[in-house]
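Here is a briefing on one protein chain. Keep the sequence and the 3D view open while you read.

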Amino acid sequence: LAGIAHGQARDWNDPLEPFRIIGNVYYVGAKDLTSYLITTPQGDILIDGGLPETASQIERNITTLGFKLKDVKILLNSHAHYDHAGGLAELKRKTGAKFEASERDKPGLEAGASSEFTGVAARYPAVAVDRAIKDGDTVSLGGVTLTAHVTPGHTKGSTTWTMPVEDDGETHHIVFFCSTSVPGYKLVPKPVYPGQIEDYRSSFQKLKTIDADVFLAAHGSFFDLLGKRERLGKGGSNPYIVPGEFQRFVANSEHQFVSELKRQETANR
Ligand SMILES: [Zn+2]
């Protein structure tokens, strides 16, 4: 039911052939539930684990690309929902990687249930957090540095990650965006957690300051993962490089949030 609240298609966990997105960043997730592998000479970083049943797909995708599970040294997470954190426990066990995640999502991750979604459908295998991340913290490995931007609201500790990437002799800026959607949350008269509405508002302000020309996210539908993949390698520039796209998405997401809040306030009057 939580999946329906998220507005996702039924085929979100269908397999997808893994591929290189840009530079040292590879797509290893399912059709809509994303997972990213960032390779470095000192080992690899993996962002998000999909549903519990996505983990085996991610493992297969990593090896299909010619990389090794044991080379994954660090696991990261966008947010503590079952469709992005569900596979992390298995991936942690199989890779032996250190799991670094948002301090405010840590209780949810370690309980195997985020506090925003209750009910059996939203539960997933608990995963221990080895390092708690705060806003502005960085994660570095083999010359790669990711910066954490804690952008709460969708969950208490939702994290947007950014990193520069070298490709074709140029530096680009990737944003791994979490989510700022309102997946069926009741915000009025009482939000899902205290301070949630203020969190959403401040997250939109923070996201507006992020300058990125490669927009990636927790769901492929946010940035047309599949459409761009169709065009990849067919001549012209890399379709994943779209200056301005991320800011247009943030503006639209903020507009949707404001409308939803207004709708709930009116209905509650
Ligand atoms: Zn979510």
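**Strand pairing and overall build**

Strand 10 and strand 11 (residues 170-177) are antiparallel partners joined by seven bridges. Two strands count as paired if DSSP finds at least two bridges between them. Helices (H or I, at least four residues) and strands (E, at least two) are DSSP runs, numbered from the N terminus. This is a predicted model, in which local features need pLDDT of at least 70 and side-chain atom pairs count only at pLDDT 80 or more, while totals for chains, interfaces and linings use all residues. Residues are numbered from 1 along each chain as its sequence is written, and side-chain values use heavy atoms, with hydrogens and water left out.

**The five-strand sheet**

- Strand 10 and strand 11 belong to an open sheet of five strands, ordered 8-9-10-11-12, with mixed pairing.
- Its edge strands are strand 8 (138-141) and strand 12 (214-217), and each pairs on one side only.
- Neighbouring strands in this sheet are turned by 25° against each other on average, direction ignored. Axes are lines fitted to C-alpha atoms, for helices over the stretch in contact, and angles run from 0 to 180 degrees between N-to-C directions.
- Strand 8 and strand 9 (residues 144-150) run antiparallel and share four bridges. Thr138 has Thr147 in strand 9 as its bridge partner.
- Strand 9 and strand 10 also run antiparallel, joined by four bridges. Here Val150 stands opposite Thr159 in strand 10.
- Between strand 10 and strand 11, Met163 has Ile174 as its bridge partner.
- The hairpin of strand 10 and strand 11 has two residues between the strands, and Asp168 takes a positive phi near 55° there.
- Is strand 10 mostly covered or open? Strand 10 is mostly covered, with seven of its nine residues buried. Buried means under 20% relative accessible area, exposed means over 50%, and partly exposed lies in between (1.4 Å probe, protein chains only).

**The seven-strand sheet**

- Seven strands form an open sheet in the order 1-2-3-4-5-6-7, with mixed pairing.
- Strand 1 and strand 7 are the edge strands, each pairing on one side only.
- Neighbouring strands in this sheet are turned by 25° against each other on average, direction ignored.
- Strand 1 pairs with strand 2 (residues 25-27) in the antiparallel sense, over three bridges. Arg20 stands opposite Tyr26 in strand 2.
- Helix 4 lies across strand 4 (43-47), strand 5 (72-76) and strand 6 (98-102). Helix 4 runs at about 165° to strand 5.

**Salt bridges**

- How many salt bridges does the rule give? The count is 13. A salt bridge is a side-chain nitrogen of Lys or Arg within 4 Å of a carboxyl oxygen of Asp or Glu.
- Arg20 and Asp167 form a salt bridge, with their closest N and O atoms 3.5 Å apart. This pair links distant parts of the chain: Arg20 is in strand 1 (residues 19-22) and Asp167 is in strand 10 (residues 159-167), 147 residues apart.
- Arg20 is partly exposed at 41% relative accessibility, whereas Asp167 is buried at 13%.
- Lys92 and Asp130 form a salt bridge, with their closest N and O atoms 3.1 Å apart. This pair also links distant parts of the chain: Lys92 is in helix 4 (residues 88-95), and Asp130 is in the loop between helix 5 (106-111) and strand 7 (131-133), 38 residues apart.
- Lys92 is buried, with a relative accessible area of 18%. Asp130 is partly exposed, at 42%.
- Arg263 and Glu260 meet in a salt bridge of 2.8 Å, N to O. Both lie in helix 8 (residues 245-268), three residues apart, about one turn of the helix.
- Glu59, Glu90 and Lys94 are joined into one network by salt bridges that share partners.

**The whole chain**

- The chain has eight helices and twelve strands.
- Its radius of gyration is 18 Å, close to the 18 Å from the globule rule for 269 residues, so the chain is as compact as a globular protein of that length. The radius is taken over C-alpha atoms, and the rule is 2.2 Å times the number of residues to the power 0.38.
- Buried residues make up 56% of the 269 residues.

**Confidence**

- The chain averages a pLDDT of 95, and 96% of the residues score at least 70. pLDDT is the predictor's confidence in each residue, from 0 to 100.
- Where is confidence lowest in the chain? Confidence is lowest in helix 1 (residues 2-5), at a mean of 47, and highest in strand 3 (residues 36-40), at 99.
- Where pLDDT is low, the predicted coordinates should not be read in detail.

Conventions. Contact means heavy atoms within 4.5 Å.
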